[in-house]
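Okay, thanks for squeezing me in. I'll put the structure up and then talk you through a few spots in it.

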Amino acid sequence: MTPDDLAGVHDSVECVSGVGLVADAPQREWKLSDFSVFNEVQKPIVVVSPGLYQKPSRWVKSRGLPLVIFQNLECQRRFGIPRSDAACCSWVNSLADDDCRTWNEWELEIMRGGKVHKSRIDIYALLKPLLQGVAKDKPDCLVRLESKPIKVQILPGEVQIAIMHIAELDASTEDLRVTAMHLRSPIHTLMFNSKGELLAANSTALKACHAHAPGGAMETITLHTLFNMGLYPGGELEANSCYEEAVNAVFNLQLTWRHMQPHCSRKDGKAKWSMIEMWPMHDPVDASPAVLVKRYNITQHKELEIQLATRQGDLLRQNEDLEQESVAMQGEKDRLQQEADKLAQQLQAVLSEKFVQRYTFDAETPIDKTLGYLQSVISGNTPPLQQALELHSILTQSDTNLRQPVALKEQLLMGRMGSDVGQSMLQMLQGETPRAQVLVRAIGTDEAPAPWSWHAPNVEAQDVMSFESFTMPLEYLVQASIVPEVERLLKTAENSWQFDIFAFAEATQGHTLSMLFFHLVKQSGVLSVMGFDNTKFCNFLRKMDAGYDPSNPYHNSIHVASVVQMTHMLLCHGGIMHNKVMDKGTLWATYWAALVHDYEHGGLNNDFLIKTAHPLAITYSDDSPLEHHHIAAATRIFLDPDCQYFNKCDPRSLSTDETRSSRICAITQVLGTDMRKHFDILSRFQAAFKVTSATSLETAKPRDCIGRSLNWDEVKAEDKTLVHQMVLKCADIGHLAADHRTHRQWSFKLEEEFFRQGDKERELGLPISPLMDRNQTGGMTKSQMGFFSIVGIPLFQALVGLFNEAQPMLDGVLANYKHWEATSKASPPPQ
């Protein structure tokens with residue numbers, strides 16, 4: 001059989017394996033042995049079953065029928081042997097749905113035609129799923145392909161419809177390139193290689209290039225000449241730059257590139273615009289890099305673009321005119337607002353003469369003001385320029401403390417509190433003392449004070465009575481007749497925000513602190529999980545009791561017992577334990593810090609120790625000498641073998657790391673009670689937890705609890721430390737929340753302790769600190785309104801903003817503030 005026999009093969013098909021029906025089926029049925037004649041043909045021939053390019057899940061196969069029924073030797077030499085069924089499935093599955101649809105339509109067209117179907121097609125794309133010799137990364141190879149449906153007898157009595165493909169690989173170079181251009185996209189008219197040399201072009205494109213060339217017809221057309229045809233403002237230099245940019249994009253980056261090219265019309269000399277579009281591809285002849293190019297006129301589009309730009313310019317100018325009018329209107333509005341503000345100030349001045357004004361204090365630090373400004377900008381607002389200038393002035397001053405209220409000294413000394421009250425507040429919060437002058441005087445005389453005028457008595461371990469787990473009757477510690485009262489008071493202390501500490505002290509003289517501390521730690525559940533040696537623990541507590549000077553009017557064991565009880569309330573009823581803010585080691589550290597925070601206090605403040613060059617001030621380099629001493633002295637007691645209550649044999653005991661963490665926690669809490677660090681801690685706390693403090697009595701109201709919504713396991717350790725410090729700071733001045741009778745009693749005790757320091761300063765010939773001169777009218781109690789406004793209310797409000805379970809504490813503070821406010825209204829304002 002010869003290749004000419006193909007012309008007489010089958011004229012119609014009755015059934016195409018489920019693809020469709022075609023009339024006039026061919027009469028001849030091919031046997032497999034008949035195909036051997038094609039091995040002598042020098043063209044690739046392959047016979048395949050139809051429906052190949054449906055997804056494998058939809059394939060319809062006859063039993064035992066392979067996908068490739070036959071391939072001649074030339075096909076096998078060029079494209080390899082058939083793939084396995086599994087490999088073929090994998091290849092077809094990797095094709096995009098659109099590609100499968102295109103190939104299916106092409107096969108369907110062949111089957112329905114019933115005659116020889118001629119097409120130009122990428123032979124590699126056709127055979128990749130079928131034959132092993134066609135690699136996945138093969139470039140396009142366009143060939144002439146003749147295809148026809150035939151009948152094939154697979155087995156006697158079993159006939160299969162198939163498609164015979166005959167490939168013509170000897171097409172001309174020009175034919176291949178033109179075909180590739182047409183198949184890729186009919187709009188492309190030119191093809192260049194990577195050197196810019198012309199490979200193929202249609203006649204219309206060639207005529208257009210010659211017609212638009214600046215010097216007439218060109219001998220040769222290159223990619224570079226297309227760019228040289230432009231009339232660029234930068235001349236040849238700009239044309240070369242555009243050319244190099246396009247070549248890099250197409251050949252190196254493999255990007256589709258578009259370039260708008262200006263040029264001048266040879267007919268009328270008007271400015272014109274052309275678009276050069278470039279698509280990367282491979283030369284179908286040798287698979288080398290090539291580019292398809294289309295150049296067409298976009299002058300009308302460009303003119304419309306220019307018109308739109310002109311219109312846009314007009315609209316912008318109109319917008320500028322409207323903005324100027326708006327600015328003028330805003331200026332008028334500002335002028336009217338200034339007049340209104342001026343009238344309001346005048347009205348306020350009139351009212352000020354008639355009514356007593358409340359003292360206001362700006363507690364915002366530079367950090368707070370900066371964060372507020374940034375938040376305003378982030379929210380889309382435009383803060384006043386004056387606000388930005390004020391911030392710039394504050395932040396560029398070399399003495400600015402970022403964590404202290406702006407102009408603190410000026411606010412305190414020039415406010416309505418009075419100069420002596422302001423100086424007292426300033427000394428407490430900043431410790432401003434003429435240090436050098438006083439230090440020289442104190443050291444240069446024989447009147448420099450001894451380290452302490454009082455020391456804790458030596459309490460021997462064998463003299464300490466144990467109240468281990470309260471198994472020893474209370475009669476051993478207090479009179480039997482008042483045991484019921486002590487038990488009642490202890491029960492009250494467990495959950496009262498306004499505990500009568502003085503009644504408890506009267507009933508438990510000498511044991512107030514140790515008894516209350518032991519009971520509250522035990523009741524909280526902390527003691528049961530620590531595994532202490534209770535005998536040594538009680539030894540330690542009794543030495544703590546003995547370490548507070550009972551002659552101090554304020555800083556004594558009763559004050560510390562009050563702080564311990566308020567700490568207990570904050571931990572157990574103020575949201576700390578409920579929200580699982582602290583682990584057991586931190587809870588114990590907080591109770592312990594409250595217990596020791598004023599240990600061996602001598603009744604004199606840090607400012608006195610520093611300005612008299614006291615040994616404690618020298619030891620701790622003027623840095624919180626009292627607070628450092630409290631921690632150090634209490635730690636020395638703990639290191640006494642009779643007082644080392646940690647039982648390392650008990651599995652409940654803290655590990656070495658937990659013990660270290662607890663100690664660090666207690667140290668930071670006690671050091672945080674130094675009022676010089678007040679604003680730094682408060683400001684960092686507010687920034688960390690996004691809470692604010694009340695600026696007046698009216699704004700200090702309950703809010704949603706933030707602490708309940710936090711995942712405390714994810715809160716940074718530094719931020720948790722701020723919470724620990726805030727708890728002890730609030731408890732340290734917790735008497736501000738006590739019932740008014742108890743609070744006033746504490747206030748006058750503190751005033752008396754200040755007077756005693758003033759007496760000592762007078763004895764040493766030192767300037768008497770503000771509000772510490774008992775010979776002047778009024779003492780520390782004169783500063784209560786200022787202390788509440790500047791320190792107390794903002795501090796308690798900030799903590800309650802995070803844990804609103806502590807709202808009763810804030811309510812007590814506000815109630816006492818109102819009492820002092822009423823008192824101040826009945827007295828003339830300070831001069």
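I'll start with the whole chain, then go to the core, one helix, the aromatic rings and a few single residues.

First, a caution: this is a predicted model. The protein chain has 831 residues, and 48% of them count as buried. For secondary structure, we have 29 helices and eleven strands. Take the contacts between residues at least 6 apart in sequence: 70% of those join residues at least 24 apart.

Now the core. The largest nonpolar core contains 103 residues, and the ones with the most contacts inside it are Phe540, Trp588, Phe685 and Met809. Helix 28, residues 784-802, gives this core its largest share, twelve residues. Apart from that core there's another one, of 25 residues, and Phe79, Cys88, Val92 and Leu145 are among them.

Let me stay with tryptophan 588 for a second. Leaving out residues up to four places away in sequence, tryptophan 588 touches Phe517, Val521, Val526, Met530, Phe532, Phe537, Tyr645 and Phe646. Keep some of those names in mind for the rings.

Next, helix 18. This helix covers residues 534-546, so 13 residues, and runs 18 Å from its first C-alpha to its last, close to the 18 Å expected at 1.5 Å a residue. Is helix 18 mostly enclosed or mostly open? Eleven of its 13 residues are buried, so helix 18 is largely enclosed by the rest of the structure. And the buried list isn't just greasy side chains: the buried residues of helix 18 include Asn534, Asn539, Arg542, Lys543 and Asp545, along with Phe537, Phe540 and Leu541. What covers them? Among the covering elements are helix 17 (512-524), helix 19 (557-573), helix 20 (584-596) and helix 23 (625-638). At the start of helix 18, aspartate 533 has a side-chain oxygen within 3.2 Å of the backbone nitrogen of threonine 535.

On to the rings. The structure holds 29 aromatic pairs. One of them is phenylalanine 499 with phenylalanine 504, a tilted pair at 6.0 Å centre to centre and 55 degrees between the planes. Both of those phenylalanines, 499 and 504, are buried. Then there's tyrosine 645 with phenylalanine 646: the centres are 5.2 Å apart and the planes sit at 50 degrees, so that pair is tilted as well. Tyrosine 645 is buried, at a relative accessible area of 2%. Ring pairs also link up into a cluster, which includes Phe517, Phe532, Phe537, Phe540, Trp588, Tyr645 and Phe646. And there's a charge over a ring elsewhere: arginine 28 lies over the face of tryptophan 30, at 4.3 Å from the ring centre.

Last, two single residues. Histidine 678 belongs to helix 25, residues 678-689. Is histidine 678 buried or exposed? Histidine 678 counts as buried because its relative accessibility is 0%. Its side chain makes a polar contact with the side chain of lysine 729, at 3.2 Å.

Glutamate 303 sits in helix 9, residues 299-354. With a relative accessible area of 44%, glutamate 303 is partly exposed. Its C-alpha is 9.0 Å from the C-alpha of tryptophan 273, and the two are 30 residues apart along the chain.

That's my tour, so let's have your questions.

Methods. Residues are numbered from 1 along each chain as its sequence is written. This is a predicted model: local features need pLDDT of at least 70, side-chain atom pairs count only at pLDDT 80 or more; totals for chains, interfaces and linings use all residues. Side-chain values use heavy atoms; hydrogens and water are left out. Helices (H or I, at least four residues) and strands (E, at least two) are DSSP runs, numbered from the N terminus. Buried means under 20% relative accessible area, exposed over 50%, partly exposed in between (1.4 Å probe, protein chains only). A polar contact is a pair of N or O atoms within 3.5 Å; within protein, one must be able to donate a hydrogen and the other to accept it, and residues adjacent in sequence count only if both atoms are side-chain atoms. A nonpolar core is a set of buried Ala, Val, Leu, Ile, Met, Phe, Trp, Tyr and Cys residues joined through side-chain atoms within 4.5 Å. Contact means heavy atoms within 4.5 Å. Rings of Phe, Tyr and Trp (its six-membered ring) pair if their centres lie within 6.5 Å; planes under 30 degrees apart count as stacked, over 60 as edge-to-face and the rest as tilted. A charge sits over a ring if NZ of Lys or CZ of Arg is within 6 Å of the ring centre and within 35 degrees of the ring normal.
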